[in-house]
Amino acid sequence: DQRIAELARKAAAAQAAKPAQSGTVLGKLIHGAPIEMRELTEDAGVVILEGEILKSESRAVKNDTMVLFSITLTDYTNTVACKAFASPKTDGEKAQIVQALAVGNCIKVRGRYQFDSFNRDMVVMLEDVNRAAKPRRTDDAEVKRVELHLHTQMSAMDGVASAEALINQALEWGHPAIAITDHGVLQSFPEAFAAVRKK
């Protein structure tokens, strides 16, 4: 138990020591706290939001002198469409913006929440876009739980995670043990055994 707790503390310290992704993608550095997307109203005006990109598209406009970036952003309280116009000077600069606005990335944005006649819906017209660190769930309980009912992808229609991924998550959260309870199969046990030996 002490060894597992020690490994979990080291993993958490290593994660905390990593520099958070920051910096501007478009516009200026954003100072200020974001609001939850569920709080958006039609008269919200200029807002700061932070979330994960679910959809991202880019296309050239105005005789290829500008690029329109259209993204769908979520903070899991709500989802909002966002648009940004940019004039990258080089293909490399455009590629960096496209990479920063890729699906799955987290960003912090500031812009005006307004009706867009082209989309016929409310969108955030972005002025500033910054990179943001993806929030990670933590287990801050003093007494750690032990999950006694857990399915891997070997349980048809019940689990999607591998045994190794589940064991790594338990270690990261400082849990002393987990129980794999697949339906009538033992195929995940060799992977679980190898994962425990590795860690």
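A residue counts as buried when its relative accessible area is under 20%. Keep that cut-off in mind as you explore this predicted model.

**Stop 1: confidence.** Colour the protein chain by pLDDT. The average is 87, and 93% of the residues score at least 70. Now select strand S5, residues 106–116, where confidence is highest at a mean of 93, and then helix H1, residues 2–17, where it is lowest at 66. Take care with residues 16–21, where the pLDDT is below 50.

**Stop 2: a buried pair.** Stay with strand S5 and select Arg110, then add Asp128 in strand S6. Their closest N and O atoms are 2.8 Å apart, forming a salt bridge. Is Arg110 buried or exposed? With a relative accessible area of 19%, Arg110 is buried, because the cut-off is under 20%. Asp128 is buried too, at 7%.

**Stop 3: a link across the chain.** Next, select Lys134 and Glu52, whose side chains meet in a salt bridge at 3.7 Å, N to O. These two residues are 82 residues apart: Lys134 sits in the loop between S6 and H3, and Glu52 in strand S2. Lys134 is partly exposed at 47%, whereas Glu52 is buried at 17%.

**Stop 4: an exposed partner.** Select Glu36 and Arg38 for a salt bridge of 2.7 Å, N to O. Here Arg38 is exposed at 56%, while Glu36 is partly exposed at 30%.

**Stop 5: two helices.** Finally, select H3 (residues 163–172) and H4 (residues 189–198), which pack at an angle of about 35 degrees with axes 8 Å apart. Residues making the contact include Ile167 of H3 and Val196 of H4.

Terms used. Residues numbered from 1 in each chain as written. Predicted model: local features only at pLDDT ≥ 70, side-chain atom pairs only at ≥ 80, totals over all residues. Heavy atoms only, no water. pLDDT = per-residue confidence, 0-100. Helix = DSSP H or I, 4+ residues; strand = E, 2+ residues; numbered from the N terminus. Contact = heavy atoms within 4.5 Å. Axes fitted to C-alpha atoms, helices over the stretch in contact; angles between N-to-C directions. Salt bridge = Lys/Arg side-chain N within 4 Å of Asp/Glu carboxyl O. Buried < 20%, exposed > 50% of the residue type's maximum accessible area, 1.4 Å probe, protein only.
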